[in-house]
Amino acid sequence: MERALTQMFCLHNWGGDTETAAAIRRTVEALLEHGAVVRNLENLGERTLPYKMSKHNQRHSSGGYFLVDFDARPTIIPTMLDHLGRDIDVIRPTILKHRTPTTDETCPGLVQPNYEEKLYSKRK
């Protein structure tokens with residue numbers, strides 16, 4: 001089965017540097033256990049949530065955001081969402097599939113029309 005470039009966006013409970021690192025480490029290790037290849041990990045830091053969220057019987061008004069780019073089979077996505085849903089530090093996980101480029105050709109840009117050719121063709 002073909003692997004697809006996928007991006008996971010997670011909102012986690014912000015509990016300090018060590019707890020945040022442990023939550024991210026657990027998430028990445030779960031991806032690796034399911035056969036994914038992690039390409040990039042980006043911690044976007046702590047931010048105030050756009051609205052209050054409840055998860056695992058707790059109300060959250062701020063949280064930490066991080067992005068994980070990985071290659072994986074599409075069949076592991078439901079398993080990962082289930083795993084992240086049970087993780088007490090993850091408030092809201094989202095997994096998106098990246099579009100693969102259809103061609104490797106570069107865009108030639110705007111092509112200037114030949115105005116002289118149009119002008120002379122109308123005179124004939």
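**Exercise 1.** Determine which residues touch the most other members of the largest nonpolar core, and which elements build this core.

*Solution.* Of the 16 residues in the largest nonpolar core (buried Ala, Val, Leu, Ile, Met, Phe, Trp, Tyr and Cys residues joined through side-chain atoms within 4.5 Å), those that touch the most other members are Met-8, Leu-31, Phe-70 and Met-80. Two or more residues each come from β1 (4–12), α1, β3, α2 (77–86) and β4 (90–97), where helices (H or I, at least four residues) and strands (E, at least two) are DSSP runs numbered from the N terminus. A second, separate core of five residues includes Leu-11, Met-53, Tyr-65 and Ile-91.

The model is predicted, so local features need pLDDT of at least 70 and side-chain atom pairs 80 or more, whereas totals for chains, interfaces and linings use all residues. Residues are numbered from 1 along each chain as its sequence is written, and side-chain values use heavy atoms, without hydrogens and water.

**Exercise 2.** Work out how the buried residues of α1 are placed around its axis.

*Solution.* Buried (under 20% relative accessible area, with exposed over 50% and partly exposed in between, for a 1.4 Å probe and protein chains only) are Thr-20, Ala-23, Ile-24, Thr-27, Val-28, Ala-30 and Leu-31. They cover an arc (of the directions from the helix axis to the C-beta atoms) of only 155 degrees, and therefore lie on the same side of α1. The face turned away from this buried side carries the exposed residues Thr-18 and Glu-33.
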